[in-house]
Amino acid sequence: MHSKPPIHANAPELDGSHYDAIVIGAGAAGMMCAALAGQRGRRVLLIDHAEKLAEKIRISGGGRCNFTNRRVEPGNFLSRNAHFARSALARFTSTDFIDMVDRHGIAWHEREHGQLFCDESAQDIIAMLRTECEWGGVDWAMPCAVDAVRAIDADATRFELDTARGRVRCESLVIATGGLSIPKIGATPFGYRIAEQFGLEIVPPRPALVPLTLAPETLERFKPLAGASLDVVAHCDGGRFREAMLVTHRGLSGPVILQVSSYWQQQAYVDAPWQPVSVDLLPGLDVRAWLAERANEKALLANLLADVLPRRFAHAWCALYGWERPLNRFAPAELDAVAEALCDWHIAPSGTQGYAKAEVTLGGVDTRALSSKTMEARVVPGLFFIGEVVDVTGRLGGFNFQWAWSSGHAAAQFV
């Protein structure tokens with residue numbers, strides 16, 4: 001796709017303007033909503049404080065944007081209201097977004113677990129959304145800070161905004177400002193502040209899809225394991241995944257840990273002891289039978305495990321437990337303990353690497369305050385919340401982008 005001129009090159013004069021809808025936040029959800037609302041014939045203004053457009057799309061998927069997933073269903077999302085996302089996801093599906101991508105001639109490919117990526121660059125998705133906005137006649141104000149939002153009641157105009165480019169009014173206001181993840185590209189709590197200003201509850205935000213950290217004393221013990229990468233099953237609080245795990249100098253990372261981190265984090269919302277992360281180091285293997293068959297061998301346990309685990313990890317892991325001896329010197333009860341540790345290795349994280357390393361934000365605007373059909377606040381007519389700012393968090397693999405497309409589409413039909 002051809003590059004487009006800077007958005008600020010033809011930005012309108014805002015002071016005193018009136019729009020049918022204003023969308024704050026020109027990310028995935030915001031551009032989708034603005035484009036589709038404009039194509040419905042609504043006069044739309046899209047505002048963003050950032051200098052660069054859609055940086056989160058640009059850096060996603062290693063620069064190729066994992067834009068959706070073949071296997072989207074409500075169970076792929078976390079929320080205090082598990083059913084909230086169902087309506088929007090059903091009305092604008094991954095197939096619908098793929099059709100849009102195809103219409104724009106963007107080449108893409110499918111990877112494991114149903115993940116879809118651009119063949120060339122995430123910039124193709126950004127350019128596609130800009131083109132859709134052009135087709136909808138959307139006005140842009142970027143970069144442009146919003147200093148204040150007020151509710152008014154004058155001839156069906158409901159909101160007035162003070163911006164860096166003047167005062168502007170609208171009938172519908174859409175908040176698509178995202179969460180707190182990756183602050184270096186402009187994440188702010190703006191959306192939460194607007195929600196609270198209008199009396200909506202916030203599910204306390206937490207970093208999600210994020211590496212987990214370990215306490216200093218645990219890190220010291222795990223130091224010999226650092227750098228090891230292996231295929232495991234990890235589970236915690238209802239989430240269960242099989243992918244790669246990486247032991248780092250700060251704790252645990254890799255796709256399987258990012259996945260399970262959201263489930264570990266959601267335990268903050270209930271008054272109960274936190275469960276550890278459980279790891280099956282040898283998924284698909286009947287470890288007890290495998291060890292029993294070799295119980296009389298003179299080989300070191302670590303050498304045996306090196307046949308099915310990375311050698312350095314196998315030796316360091318056995319040293320961690322003091323199991324540095326031949327198999328024939330383990331009592332049956334000890335071999336049971338080895339099998340238990342291999343199949344259900346409990347690791348208690350101390351925290352996460354925070355929003356700087358988090359791909360998304362858990363929590364957000366409480367969905368009980370919103371209509372699942374329209375994304376509109378139940379007690380504030382004309383105020384909509386879409387995308388990551390809402391308490392809907394997808395798994396790793398394109399699900400969060402699909403929530404952006406689906407929630408943006410839902411609001412666009414009603415603004």
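When I say buried, I mean under 20% relative accessible area; exposed is over 50%, and partly exposed is in between, with a 1.4 Å probe and protein chains only. By that rule Lys223 is exposed, at 52% relative accessibility. Its salt-bridge partner, Glu220, is exposed as well, at 51%. Their side chains meet at 3.3 Å, N to O. A salt bridge here is a side-chain nitrogen of Lys or Arg within 4 Å of a carboxyl oxygen of Asp or Glu.

Quick housekeeping, then. This is a predicted model, where local features need pLDDT of at least 70 and side-chain atom pairs count only at pLDDT 80 or more, while totals for chains, interfaces and linings use all residues. Numbering starts from 1 along each chain as its sequence is written, and side-chain values use heavy atoms, with hydrogens and water left out.

Now the overall picture. The chain has 415 residues, and 56% of them count as buried. The C-alpha trace spans about 85 × 45 × 35 Å along its principal axes. We get 13 helices and 21 strands; those are DSSP runs numbered from the N terminus, with helices being H or I of at least four residues and strands E of at least two. For contacts, think heavy atoms within 4.5 Å. Of the contacts with a separation of 6 or more, 73% are between residues 24 or more positions apart.

On to the inside. A nonpolar core is a set of buried Ala, Val, Leu, Ile, Met, Phe, Trp, Tyr and Cys residues joined through side-chain atoms within 4.5 Å. The largest one has 90 residues, and those with the most contacts inside it are Ile57, Ile125, Leu161, Phe385 and Trp405. Helix 1, residues 28–39, gives the most to this core, with nine residues. There's also a second, separate core of 56 residues, including Val203 and Phe313.

Take a look at Phe385 on the screen. Leaving aside neighbours within four places in sequence, Phe385 is in contact with a list of residues that includes Ile175, Gly191, Leu200, Met375 and Val390.

Next, helix 4, residues 94–103. Its buried residues are Ser94, Phe97, Ile98, Met100 and Val101. They cover an arc of only 155° around the axis, taking directions from the helix axis to the C-beta atoms, so they sit on the same side of helix 4. Those buried residues pack against several elements, among them helix 1, helix 5 (123–135) and helix 13 (399–412). Just after helix 4, Gly105 takes a positive phi of about 70°.

Back to salt bridges, for the charge people in the room. The count comes to 15. One of them joins the side chains of Arg43 and Asp139, at 3.9 Å, N to O. Arg43 is in the loop between helix 1 and strand 2 (44–47) and Asp139 is in strand 7 (residues 139–141), so this pair ties together parts that are 96 residues apart in sequence. Arg43 itself is partly exposed, at 41%.

Then there's Glu160 with Arg150, at 2.6 Å, N to O. Glu160 lies in strand 9 (residues 157–163) and Arg150 in strand 8 (residues 146–154), so the pair ties together parts ten residues apart in sequence. Glu160 counts as buried, at 8%, whereas Arg150 is partly exposed, at 28%. Both belong to a salt-bridge network with Asp162, Arg167 and Arg169.
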